[in-house]
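Reader: Please take me through one part of this model in detail. I want the boundary where the two domains meet.

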Amino acid sequence: MQINRRVQTLDEFTIQQMRDFPQATGELAGLLRDIGLAAKRVNVEVNKAGLVDILGDAGSINVQGEEVKKLDVYANNQFVGVLRHGISCAGIGSEELDDIVIFDDEVSNNSKYVCLFDPLDGSANIDVNVSIGTIFSVYRRVSELGKPATQQDFLQPGNQQIAAGYIIYGSSTMLVYATRRGVNGFTLDPSIGEFTMSHPNIVCPPSGKIYSVNHGHFFRYDEPVKQYITACQKKDKTNGGPYTQRYVASMVADVHRNLIKGGIFMYPGTTDKPKGKLRLLYECNPMAFIVEKAGGLATNGVENILDIVPTELHQRTPMFIGSKLMMEELESYSAKK
Ligand code: AFP
C-alpha cells in the first residue's frame with residue numbers, strides 16, 4: 001500500500017517546468033502562482049456562497065448587459081488584485097471590465113505577459129449551486145518592455161497564447177492549464193491549501209459519446225448544426241453510440257467533462273445571434289488552446305478558433321470544441337452544405 005504518497009504541488013510543478021528551460025526567468029511560474037492564490041480565495045467564497053451575503057445580483061449590469069452577481073465582482077477583484085501586485089503581468093482584460101486595465105508601474109511595465117480572464121463563468125448557476133469556473137489566457141507582450149502594455153498585446157490570435165487554463169469550482173476544485181508542452185490538472189487539497197497534481201498529461205479521447213448543446217435554441221441553428229445534432233440523437237451501438245446529452249450551462253464544466261471523457265461541446269450562432277454568446281478572448285481562445293494541446297479540435301464552424309485575429313476585447317464567436325473525430329464528423333455536415 002502506498003502511504004504518504006508525495007504529490008507535486010502546482011508551484012513545484014511550474015518551478016520544475018522552469019528548471020527545464022535554463023533561460024526561463026520564472027515570470028510564468030510566478031503568474032501561475034498568483035492565479036492559483038486568487039483561485040483559492042475565490043474558492044473559499046464559492047464554497048460558502050449560500051451562507052454569506054454574496055448570493056444574488058450585485059445590482060449592476062456588466063459590459064455584456066448581464067446582471068452582475070456579487071461573486072462575479074469578488075472574483076474579478078481577486079484576480080485583478082493578485083496580478084496587479086505580482087511581478088509577471090503588465091495588464092489585464094476581464095469579462096467584468098469594459099476596457100483593458102494597464103497596470104503602468106515600473107515593475108509591471110517590465111513584465112513580459114498580459115492576462116485575459118473570465119473571473120466567474122457560469123454565473124447564472126451561482127445561486128443554484130451548479131459548478132462554475134474561472135478561465136484565463138496568457139500572452140507574451142508584443143509592445144516594448146519598460147513601457148505600458150497596449151491594446152495590441154491583448155488582440156493577438158489564440159495561437160499566440162503562452163498558457164491558458166481554467167479553475168472549476170465543483171465537487172472538488174481543480175486548476176487545469178496548458179502550455180505548448182501539454183495539459184496538466186491539479187486538485188485543491190484543503191488539508192494543505194495547495195493545488196496538487198491529480199491529472200498529469202491530460203489527453204482528450206479522440207472520440208466519445210457525449211454531446212453538449214442547448215437544445216432550446218435548436219430551431220435557430222443553421223442546417224449543418226441541426227443535421228449533426230440529429231445524427232447524435234440517432235447514434236446506436238452500430239455507429240459508435242448511443243450518445244448521451246449533457247449540458248450544465250457552465251462552459252468550464254461542460255468542456256472539462258468532455259476533455260476527460262471525450263465529447264463535443266457546441267455553442268453555435270443562431271438566426272437572431274449569428275455570433276453566438278461566448279467571448280473569443282477570454283472564453284473560447286483559452287479553452288481551445290487547452291483542448292487542442294490535449295489532441296482535440298476547436299472551430300467557429302468555419303475556421304480554427306485559435307487562428308481568428310481579434311478586433312475587439314469582448315467580441316463573440318460561435319464555438320465547437322471537443323474530441324477530434326466528433327469534430328470532424330460535425331465538419332462533414334458543414335462541408336456537405
Ligand atoms: P453565464 O456566465 O451568463 O451564466 O453564461 C455562461 C456561458 O457563457 C457559458 O459558460 C455557458 O456554456 C453558456 O453561457 C450557457 O448559455 P445558455 O444558457 O444560453 O445555454
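Author: This is a predicted model. Start with the polar side of the boundary. Between domain 1 and domain 2, 13 residue pairs are in polar contact, both residues at pLDDT 80 or more. The side of domain 1 that touches domain 2 draws two or more residues from each of these strands: S3 (89-94), S5 (113-121), S6 (132-140), S7 (161-169) and S8 (173-179). Strand S7 gives the most, with eight residues. By type, that side of domain 1 holds 23 nonpolar, 16 polar and seven charged residues.

Now the charges. One salt bridge is counted between domain 1 and domain 2. Separately listed is the salt bridge of Arg279 with Glu95, whose closest N and O atoms lie 2.7 Å apart. By the domain bounds, domain 1 covers 10-199 and domain 2 covers 210-336.

Next, the extent of the boundary. On the domain 1 side, 46 residues are in contact, and they meet 30 residues of domain 2. Taken over C-alpha atoms, the domain centres are 24 Å apart. The two domains bury about 2800 Å² between them. Carbon and sulfur atoms give 65% of that area. Three residues of domain 1 lose the most area to domain 2: Ile135, Leu155 and Tyr166. Together they make up 21% of what the domain 1 side buries.

Terms used. Residues numbered from 1 in each chain as written. Predicted model: local features only at pLDDT ≥ 70, side-chain atom pairs only at ≥ 80, totals over all residues. Heavy atoms only, no water. Domains from an automatic or database assignment. Contact = heavy atoms within 4.5 Å. Buried area = accessible area lost by both parts, 1.4 Å probe. Salt bridge = Lys/Arg side-chain N within 4 Å of Asp/Glu carboxyl O. Polar contact = N/O pair within 3.5 Å; in protein donor to acceptor, adjacent residues only side chain to side chain. Helix = DSSP H or I, 4+ residues; strand = E, 2+ residues; numbered from the N terminus. Nonpolar A, V, L, I, M, F, W, Y, C, P; charged D, E, K, R; others polar.
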